[in-house]
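Me: I would like to learn how to read a protein model feature by feature, with the general idea given before the particular case. Could you take me through one?

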Amino acid sequence: MTCRTTKGQGTQPLAVAVAVAVAIAIAIAALACIHPVGVAAADPDAHLVASNVANASASSLYWGTYRPNVYFGTKTRSENPVLTGLMWHGALEISNFDKFRHTCEHGDSFATYGWKRHDGRTFGSQTLVDPENNLVLKTDFLKHGEKGARGGWTARISGESLAGEETAEPAAITLYYYVALEGEGAMILNSRLSDEGVEDPVIFRGASPDIADFTVRFTEVAAPNLELPEPGKSPVKLANPSKPQFASFAVPPEQIWQVKDIVRSNVGLSAQAIANKMRPLPPVPFLLSLKDEGDKKGNLLVFQRHVQAPFVFDITFSTGESSEDPAAYTGSALTEKLEAAAKAFDSRFEETFRLAEKGYSSDEVAFAASMLSNMVGGIGHFHGSKIVDRAFEDVVEVEPIDFAPGIGGADSGDEDDYFNDEEDAKRVGPAPQLEGPSTLFTAVPSRPFFPRGFIWDEGFHQLLIGTWDNDLSLTSISSWLDQMDSNGWIAREQILGPEAASKVPQEFQTQYSHFGNPPTLLFSLAKFVERLNSAEHTATVDAGAAAALKVASLTDWSSLSSVHLQNPELARLTLKKLYGRFKKQYSWFRRTQWGMVDEYGRAELTDSKEGYRWRGRTDTHTLTSGLDDYPRSSPAHPGELHVDLLSWVGMMAKSLSSIAEVLGESEDKAKFDRHLRNVQKSLNDLHWNQEAGAFSDLTVNARGESEQVTHIGYLSLFPYVLGLVPDDSPKVADFLRIVSSDAHLWTPFGLRSLSRSDPFHGTAENYWRGPVWINVNFLVLRYLDHLRKTPGAYAKDAADVYQKLRANVVGNVYKEYKRTGFVWEQYSGETGEGRRSHPFTGWTALVTLIMSEKY
């Protein structure tokens, strides 16, 4: 990896009305992108519909499991969010305190964890297997049926002992659940508190600028007390482990994310105070109990309960606006609703992907459903400032090689210089500064290791999300485009705020405004157009439904996943706005990532002016390309031309041309078509290595001459998989040869990233030098699927390679999931074993699309 409100009706209190107005404004802003110059405004009805849909969508997405970095938590999609979260550890041994679970960590040694079902809007069900704490934990999330401005929801936390010979004793667990405000507001315990603990029912009350009045109620559906010996006579007052415990804290909002450390400190200091005065020590639950410090109106409230498995807690969030009885979402009533939601999810999943119809087993279907669920269940809402360095933004002279500190490690040879050239290093130095804050609504590649947004990954993520929920995908795409600066640049990695930064080494936190990343978000926009065209040809818009879109609110959230597909005017308005932003990004790539096409004798080889170079190169890494350590020329040279970047620019031109045609932008289309032809000419004239039968990078040798650098692998495939090589080109035969050859990329587990015959295969870091990556395998399968369906000389061979490769990729990812409990960041090209980050339900989840053959 290189690198993710509301409806108001009737008479409302003033505070609520203000909150609703703010939320509507935020929602409309999320949908509304810069209006492209030269595009006529849509009719007023379309703007009204857009406003109403934005309002309804914001309401449906206001609450969610938008904290992918924690095992379970909820959060509002707002700048000053209300958030909640779950923590736990074993209850009977002091050593269990070191097995304190909160944030997703590889070191916690879970057997498996992840969402089994999640619809992205209203429902999710997750299972976590924690052997060190002898616990199988299940977390369910369900929004209440009333579609109010701030909504309500219930989280069910249930646990059982882990079955097995070594775990005969029932699990004894200490649970914590907290509610926090990251902005203004206050909360109180609305229950009786004594030295022994809290009397049932446990209720928190609070208010924030967005939610004028809310209640959090803790219901013990089944909570067996621990069987503990009496602690003996104590010189200090001890908490009663059979009762809920509570603590309130006043914490700076920017430190709320450190809740685990705050709670551990509270419990640890309390335990130490008891231990200093009492011998023998009481049973551990008497020691490890929360102690309230008297912050009666804190912004962090924590509930604690020591229990024995099996246990069930229902945690209900409701607002003063709600007319529904919270009891309707607890106990047996909640059980019925969760079962109905699971059944509805399964039905919709089969209707969307048709895997059972294709002959997959129930286990295989559940595996595919879990990948989708972890993708949408891993969507996060992030808000904060980021570190940006714009020092090189306006340097337009002949450029040095722009090494950034720390990117290549010691092997770059330029640890202390921002740029390689001494004069430029003196003239332009590092100038990182905080920018923002900004807000991003995005999927993430990996909850434990990459719990933040990466633009290279997100375009792949949205292919799956958009297939499931078109309008949820549009919300994320719009949010990403809101990160664009006035020049058209989007930071490739979104590290927003201190919590996100805590997961990133300091040397990688700065984003450089002249560094790019593959513009994969255009994949998603192209798929939106494809889905829109399909909907327009197969569906008729019901007049009543169209009229309903013009009223002040939309209460049927089930329709929101495809409302753009059912309303062509709304879709066109949104497409125009997104198109304007992507045009700006395209111009940024052409303006900042240019390469030296006329120098080093290249003007004699082609009359095309299309050539590009990734900024941010070192001798061994090109993080900006997304392919990190994939071998390039060494030493690095400012005269390099990179075939993958040229291909990405060509893909952008081709995609934008198609969208311009849909929108009737004839001048834009002619321009993009001209650019595309020149990109294809450069590919053939400069980057094609006839002897190797492969596309290659270019560099400059010691004699000052341009020469090709060929490392057969994923780099060689981009001109094909991005649609830049004609279907009848003789070069297609070379593509089929490379991908099907054991000596190059073919393995029983998918295509390896670098040819087995390359001297760099499997060397050094071995990140993109051999392992199998699912995102590129997906692109290859998509291209092969196109070839096999296109009459011509290559259809039969493409079909054969397609069927075998698809079986290999799906079979290996599923096999490793069953063996290890996880899907992985990459897979060994030698053994097929999963490697590196896990669970990695970012682009590896594309296997669901591969199974369903929805490319």
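Reply: What follows is a set of readings, from the whole chain down to single residues. This is a predicted model, in which local features need pLDDT of at least 70 and side-chain atom pairs count only at pLDDT 80 or more, while totals for chains, interfaces and linings use all residues. Residues are numbered from 1 along each chain as its sequence is written, and side-chain values use heavy atoms, with hydrogens and water left out.

Me: How many helices and strands does the chain have, and what percentage of its residues count as buried?

Reply: Helices (H or I, at least four residues) and strands (E, at least two) are DSSP runs, numbered from the N terminus, and the chain has 20 helices and 27 strands. Buried means under 20% relative accessible area, exposed over 50%, and partly exposed in between, with a 1.4 Å probe and protein chains only; of the 855 residues, 61% count as buried. The accessible surface of the chain, by the Shrake-Rupley method with a 1.4 Å probe, comes to about 31,200 Å², of which 51% belongs to carbon and sulfur atoms.

Me: How should I read a helix such as helix 15, and which of its residues are buried?

Reply: An α-helix has 3.6 residues a turn, so residues three or four places apart point the same way. The expected span of a helix is 1.5 Å times one less than its number of residues, and for the 22 residues of helix 15 (residues 666-687) this gives 32 Å, which agrees with the 30 Å between its end C-alpha atoms. The buried residues of helix 15 are Asp668, Phe672, His675, Leu676, Val679, Ser682, Leu683, Leu686 and His687. Seen down the axis, these buried residues fall within an arc of 130° (taken from the directions from the helix axis to the C-beta atoms), so they line one face of helix 15. On the other side of helix 15, Ser666, Glu667 and Arg677 are exposed.

Me: What does His687, in helix 15, touch?

Reply: Contact means heavy atoms within 4.5 Å. Leaving aside residues up to four places away in sequence, His687 touches Leu641, His642, Val643, Leu646, Ser682, Ala694, Phe695, Ser696, Asp697, Leu698 and Gln708. His687 counts as buried because its relative accessibility is 1%.

Me: How do I read the packing of two helices, and at what angle do helix 6 and helix 19 pack?

Reply: Axes are lines fitted to C-alpha atoms, for helices over the stretch in contact, and angles run from 0 to 180 degrees between N-to-C directions. Helix 6 (residues 362-377) and helix 19 (residues 795-820) pack at about 90°, with their axes 11 Å apart. Angles under 35 degrees count as roughly parallel, over 145 as roughly antiparallel, 65 to 115 as roughly perpendicular and the rest as oblique, and helix 6 and helix 19 are therefore roughly perpendicular to each other. The contact is made by Asp363, Glu364, Phe367 and Ser370 of helix 6 with Val813, Tyr814, Tyr817 and Lys818 of helix 19.

Me: What is the reach of helix 5 from its first C-alpha to its last, and what follows helix 5?

Reply: Helix 5 (residues 331-353) has 23 residues and reaches 33 Å, close to the 33 Å expected at 1.5 Å a residue. Its buried residues include Leu334, Leu338, Ala341 and Phe345, whereas Ser332, also in helix 5, is exposed, with a relative accessible area of 58%. The C-alpha atoms of Ser332 and Val221 are separated by 9.0 Å, although the two residues are 111 residues apart along the chain. Helix 5 is followed by Arg354, which has a phi near 55°, a positive value in a residue other than glycine. Arg354 lies in the loop between helix 5 and helix 6 and is partly exposed, at 39%.

Me: Which residues of the chain have a cis peptide bond before a proline?

Reply: The peptide bond from Asp200 to Pro201 is cis, with omega near -10°, and Pro201 is found in the loop between strand 11 (197-198) and strand 12 (202-207). A cis peptide bond also joins Ala309 and Pro310, where omega is about 0°; Pro310 sits in the loop between strand 15 (300-308) and strand 16 (311-319).
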